[in-house]
Every structure is written in C-alpha cells, then in structure tokens.
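Me: Could you take me through one part of this model slowly, and then show me how it fits with the rest? I'm in my first year, so please explain the terms as you go.

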Amino acid sequence: MTPEKKRNEAGLPDGGWGWMIVASCFLVTICTRAVTRCISIFFVEFQMHFGHDYARTAWIHSLVDCNTMLFAPLGSLVGNKLSCRIAVISGGFLASAGLVTSSFATSLEYLYLTLGVLTGVGFALCYTPAITMVGTYFCKRKALAYGIAMSGSGIGTFLLAPAAQLLIERYSWRGALLIAGGFVANLCVCGALLRPVAPNGGLTTTAASADSEDASEVRQGCDPCSWLRGERGFLLRPRFVVLAASFVLLATGCSLPFVYLVPYALDVGVSYQQAALLMSILGVIDIVGNLTFGWLTDRRCLRQHRGMCYMLAVALEGLCCLVAPLLQSFGLLVPFAVLYGYFDGAYVTLIPVVTSDVVGPSHLSSALGVVYFLHAFPYLFSPPVGGWLVNRTESYTATFFLSGFTLLSSSLLLGTAAAVRRCRKTSMVVTDKYPRWDLLIRNQKAELKS
C-alpha cells in the first residue's frame, strides 16, 4: 500500500473542513503577498513626501519581503509549540498594527521600522503556518488545494492594486495605509478558521512512513550530529539539503523579472501603459498557472511525478528569461509575460507539495520555515545585484541572463540528484536480484588454495 493510501486510511480528511482551511490560506496570501506587492504603489507618494531617491525608498519593499521570509522559522516555531491558529492571529495583529502606525510616519526610517520590520514579522507569523495547515488536511488533492490557496497572491494583486491607487487619490497615502491596516486585520479571522486535525488523524504514523527514505543515510553519516534529531532531523537528509540549495538558486533568479520587466520594456520603447499592462498580464496568468498546474499534478498519472513537473516548470521559466533580451517590442513581450507568469504560478504551487514529499507531513511546518528563510537573502540582494549589472553594462541582458542561469541551475541540481538517487536504487535492486559473481569467484579461489 502506498504512503498516500495509508494516510487516507489513517483518517486524513482530504476535504470537508479542509476546504475552509484552503479558503483561509487563500485570504492569508491576499493579505500578505498581495499587500506586499502593492506597497510599491506608495513609492511615488513616499518619495514626494519625504524627499528621498528611489533607492532609499525601495528598501521599504525589500525589508517587508525579506522579513516575511527571514522570520518564517519563527512562524513555524510558534505554530509547532503553540498552534497555527495562535501564530496567524498574533501575526495578523502585528501586521495590522504595523500598517496603522505607518500612517503616522514622520520619516523614511520610521517606515523602515513599522512597515518593513513590524508588518514583515507579522506576515511571517501568518504565512508559513497557514500554508502548513493545507498540507495536513489534504493528500490526494494536495496540489489542487495548494493551487487554489496560493492563487490569492495573483488575484489579490489584480484587485488590490487599483483599489490602493484609488484610496491614495481619495484619502492620501496616510489614509490608504490606515485602511490597509484594517483590511489586514482580517488575518485574525483567517487564523480563527485554522482548526487543527483531530488527534486520531494519523499524522504521526504517516510521518513514519514518509520519513523512512534517507533515514539510514542520516544515521550512518551523522553520529556527531545526533543533537539534530526529532523535529529538526530533516535538516540532515541529503534530499532536503539538495532541495534547499536549489531553492536558494531559485529565489536568486525568480524575483529579477518582476523588478526589471517594466524598466526593460520602457527601455526598448514600449509605452508606460503597455509596460504596466505586461505586469497585469503576468499576474493574471500566474493565477492560471496556480490552478491548472495544481489540478494537473493531482491526476493519477502525474501524482507520482510532481518533482519532475516542478523541475520542468522552473527550467522553462529559466529559458524564458534567457530569451527575453531578444524581445524588443510589446507584441513580443506579451508571450514572455504569459509564459513566465504561467510557469511562475506552476512552481509556486508545487513548492509546499515537493517539500512535503521530501520531509513528510510531520516536519512540513518546520521545513517550510527553513525553505522560506532561504528565500530571504536572495530576495533582499538579487534586485540590487541586477541593478548593478544594468549600470555596469548599460543593458538588461546580463540581468535576465543571471535570472535564467540561476533558474536553470536550480532545476539541473534537482534533476542530477534525482538521477543519482535512481541509479543507486537500480544498483541495489540488481545486487539483491543477482549474485555477486566477484565474491563467488573470490570464495572459490580461496577454497582451491585451501
């Protein structure tokens, strides 16, 4: 019997209240990731009011994004030690308080603290526990559930961006931040919906079956690291180490097109309205990628190959970036926005699924905390590095090449590890099925000598 069937027979809901968990996670991604993307709409207002350049103002967005990922392990810790419900409710309170106090800002440094740190930490407490809860409620339809939940980022961006602009025009940026704080307070309601799985849900026995792979390697290679047992034991697994390294490469490359697509379009002569439309197209198609790829990888024929589907999506996204410098008109950049947006939504849906397949459901919360923590520093530093390349080369080609090569490297790393693991399994099967002729010959020679 497969581990998934064992999990279902053990009582994993795979539906029911789980759809309320999906709805809650959907709203959490709107209130966290979509709101973070919409902060850039306030840039011009902040620049005009405080009189600083774009570089200093841009640190607000970087700090929110970085702290959301940097403190993801804190969200996992609170979710594991207390509950995911408490983590999301407390995070909603902090994030709302950060936005409300930001409306009274008197300097850019004030916004670094309130909007960048306080709101970022609040988002971190909400994001990882909400995503973890989806994985504890679903097995067969896990990818589809994550696709629906993660689509909140694209849908929220599509809806909140014009709403934020309208609020700024009617109530100024201070009033818009105050209203945004009230909106983000709905995270507390989302947290209240996160009812944990019943104790007889069978997750403990499930983890044992899912965690059995690579366990022998950990025991053989890490006696000195015995202190990393228990819920941190997954950190020493070779499969998770490779996955973590691939995520660092992924995070380095995936954020650059979001930052530099519009400037590149303007540089090749596309109008401002058309350049903004490219981002809207990318965001909408991102939603399509979330939903369709989640549904497809839940089909029986693809369910056992989710890792390969994830690698394919990342690799194709990298190829899109390598081709981007050749596209120098609006008509050619539209297909780029469509393809990049689709594959971006596809792999984002599968990140929690692939992580769960590697570490097991019992370690998913802690593992996602580590995974999103690994995204923090690439998110913080890759845009400035991309800008430095633009300044040095006076072209966006090197920046898009950096994005493409790191994405392809991420996929290639996972593919190489999968091939090595498959070869090892094949050799073990052959060894068990056929006798070791070299040993037989050696024994016969020893008998003849004796």
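Reply: **A close look at one helix**

In helix α15, the buried residues are Ala 275, Leu 278, Leu 282, Gly 283, Ile 285, Asp 286, Ile 287, Gly 289, Asn 290, Phe 293 and Gly 294. "Buried" means under 20% relative accessible area, "exposed" means over 50%, and "partly exposed" is in between, using a 1.4 Å probe and protein chains only. Helices are DSSP runs of H or I with at least four residues, strands are runs of E with at least two, and both are numbered from the N terminus.

Before we go on, a word on the model. It is predicted, so local features need pLDDT of at least 70 and side-chain atom pairs count only at pLDDT 80 or more, while totals for chains, interfaces and linings use all residues. Residues are numbered from 1 along each chain as its sequence is written, and side-chain values use heavy atoms, with hydrogens and water left out.

Back to our helix. α15 runs over residues 272-296, which makes 25 residues, and reaches 36 Å from its first C-alpha to its last, close to the 36 Å expected at 1.5 Å a residue. That expected span is 1.5 Å times one less than the number of residues. It also helps to know that an α-helix has 3.6 residues a turn, so residues three or four places apart point the same way.

What hides the buried residues of α15? The cover includes α8, α9, α14 (256-267), α17 (306-323) and α18. Let's visit some of these neighbours.

Start with α18, which spans residues 330-359 and holds Val 353. Val 353 has 0% relative accessibility, so it counts as buried. Its C-alpha lies 9.7 Å from that of Gly 294, a residue 59 places away along the chain. If we set aside neighbours within four places in sequence, Val 353 is in contact (heavy atoms within 4.5 Å) with Lys 142, Ala 143, Tyr 146 and Arg 306.

α18 also matters for the largest nonpolar core, to which it gives the most, with 13 residues. A nonpolar core is a set of buried Ala, Val, Leu, Ile, Met, Phe, Trp, Tyr and Cys residues joined through side-chain atoms within 4.5 Å. This one has 107 residues, and Phe 46, Val 134, Tyr 310 and Tyr 372 touch the most other members. Beyond residues up to four places away in sequence, Tyr 372 touches Met 69, Ala 72, Tyr 127, Thr 128, Ile 131, Met 150, Ile 351 and Pro 352.

Next comes α8 (residues 142-150), which packs against α2 (residues 18-38) at an angle of about 35°, with the axes 7 Å apart. Here the axes are lines fitted to C-alpha atoms, for helices over the stretch in contact, and angles run from 0 to 180 degrees between N-to-C directions. Trp 19, Val 22, Cys 25, Phe 26 and Thr 29 of α2 meet Ala 145, Ile 148, Ala 149 and Met 150 of α8. Eight of the residues in this contact are nonpolar, one is polar and none is charged. In that count Ala, Val, Leu, Ile, Met, Phe, Trp, Tyr, Cys and Pro are nonpolar, Asp, Glu, Lys and Arg are charged, and the others, Gly among them, are polar.

Our third neighbour, α9, contains Ser 172. This residue is partly exposed, at 36% relative accessibility. Its phi is near 70°, a positive value in a residue other than glycine. Besides lying over α15, α9 (152-184) helps cover the buried residues of α6, and so do α5 (72-81), α7 and α10 (187-192).

In α6, the buried residues are Cys 84, Ala 87, Val 88, Gly 91, Gly 92, Ala 95, Ser 96, Gly 98, Leu 99 and Ser 102. They cover an arc of only 155° around the axis, so they sit on the same side of α6; the arc is that of the directions from the helix axis to the C-beta atoms. By contrast, α7 is mostly covered, with 25 of its 30 residues buried.

Finally, step back to the whole chain. It has 21 helices and zero strands, and 49% of its 450 residues count as buried. Among contacts between residues at least 6 apart in sequence, 83% join residues at least 24 apart.
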